[in-house]
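Visitor: Please take a close look at the side-chain pairing of opposite charges in this structure, and then place it in its surroundings.

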There are 2 protein chains.
Amino acid sequence: MSLSSHQVAGPVWNLGRLNHVAVAVPDLEKAKAFYKNVLGAQVGETVPLPEHGVSVVFVNLGNTKMELLHPLGNDSPIAGFLQKNKAGGMHHICIEVDNINAAVMDLKEKKIRILSEEAKIGAHGKPVIFLHPKDCGGVLVELEQV
Amino acid sequence: MSLSSHQVAGPVWNLGRLNHVAVAVPDLEKAKAFYKNVLGAQVGETVPLPEHGVSVVFVNLGNTKMELLHPLGNDSPIAGFLQKNKAGGMHHICIEVDNINAAVMDLKEKKIRILSEEAKIGAHGKPVIFLHPKDCGGVLVELEQV
């Protein structure tokens, strides 16, 4: 009988599909116009999420989405990123999981740093965690339970 | 009759799905182990592409792929990126198109800078172009004809 590494550590969890690629943009209207008018993608409306400190626009690419993020309010989690990357840039990727609490237990056991003690409700109203980029090859990885 | 902006400018082209998210990594084996053993993703073999100056590993996420890139040879196109981003990081996104030459004509008309005069054969043996990040909200965008 063979067990995957996930099953050895505790409750089973499985990685799913790429939910979105998040891009921080300094000018939301300009970014929307690029994806809609230049590339011809399906671009949604601007959704202000004051409790998360961002305005969000989804770009539908059929198999997955891009999430355009712009700071909202004085304490935005992406303000520092845009200060360092004035033209904007890729901020994080979000991959779906089926059991976020099992993932948290397993990742802690594997010494992967998680940016919160436990899962929080993310921008889509679902439980999420963020993994430390230094433990993920330089990439900020969000896991979202679906 | 309504025409999309693509149809006004010249031959029709359509944007497709997200083909991959490319990540430049300083340590390919460590990155493979992270996606395979920590996240439990399906990780392919290392493919050396000396003519493109990179070694490539695909991570299959079901709906799309991640492409782990590591420099190969002395003149790698990602060497400078890793010098600036020592821990690695997201390098580009690749979106599929149905007609790359029509896209080139249309994008030039729309004053989007393309990093080559015309489409070149990319790492997957298909015609690709790269768009200037400054014209794409800070994101290096590859378009690949499929």
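Guide: The charged pairs come before the strands, one helix and the relation of the two chains.

The model is predicted, so that local features need pLDDT of at least 70 and side-chain atom pairs count only at pLDDT 80 or more, whereas totals for chains, interfaces and linings use all residues. Residues are numbered from 1 along each chain as its sequence is written, chains are lettered from A and ligands numbered from 1 in the order in which they are written, and side-chain values use heavy atoms, with hydrogens and water left out.

Side chains of opposite charge can pair when their charged atoms come close. A salt bridge here is a side-chain nitrogen of Lys or Arg within 4 Å of a carboxyl oxygen of Asp or Glu. Over all chains, the structure holds eight of them. One joins R17(A) to E96(A), with 3.1 Å from N to O. This pair connects distant parts of the chain, since R17(A) belongs to strand 1 (residues 15-24) of chain A and E96(A) to strand 6 (residues 89-97) of chain A, 79 residues apart. Helices (H or I, at least four residues) and strands (E, at least two) are DSSP runs numbered from the N terminus. As for accessibility, buried means under 20% relative accessible area, exposed over 50%, and partly exposed in between, with a 1.4 Å probe and protein chains only. E96(A) is buried because its relative accessibility is 10%, while R17(A), at 33%, is partly exposed.

In chain B, E96(B) and R17(B) form a salt bridge whose closest N and O atoms are 3.1 Å apart. E96(B) is in strand 6 (residues 89-97) of chain B and R17(B) in strand 1 (residues 15-24) of chain B, so this pair ties together parts 79 residues apart in sequence. Here E96(B) is buried at 10% relative accessibility, and R17(B) is partly exposed at 35%. Another salt bridge in chain B links K108(B) and E117(B), with the closest N and O atoms 3.3 Å apart. K108(B) is partly exposed, at 36% relative accessible area, and E117(B) is exposed, at 66%.

Further along chain B, strand 7 (residues 120-121) and strand 8 (residues 127-131) pair in the antiparallel sense over two bridges; pairing requires that DSSP find at least two bridges between the strands. K120(B) has V128(B) of strand 8 as its bridge partner. Five residues lie between the strands of this hairpin, where G125(B) takes a positive phi near 80°. Strand 8 of chain B is also joined by four bridges to the antiparallel strand 9 (residues 141-145) of chain B. There, V128(B) has E144(B) as its bridge partner.

In chain A, the buried residues of helix 2 (residues 28-38) are L28(A), A31(A), K32(A), F34(A), Y35(A) and V38(A). After helix 2 of chain A comes G40(A), with a positive phi near 75°.

The two chains are related simply. A rotation of 180° with 0.0 Å of shift along its axis superposes chain B on chain A, at an RMSD of 0.0 Å, the fit being by least squares on the C-alpha atoms of residues with pLDDT of at least 70 in both copies. This is the relation of a two-fold axis. In chain B, N63(B) has the C-alpha nearest the axis, 2.9 Å from it. The same surface serves both copies, as 100% of the contact residues of chain B recur in chain A, contact meaning heavy atoms within 4.5 Å.
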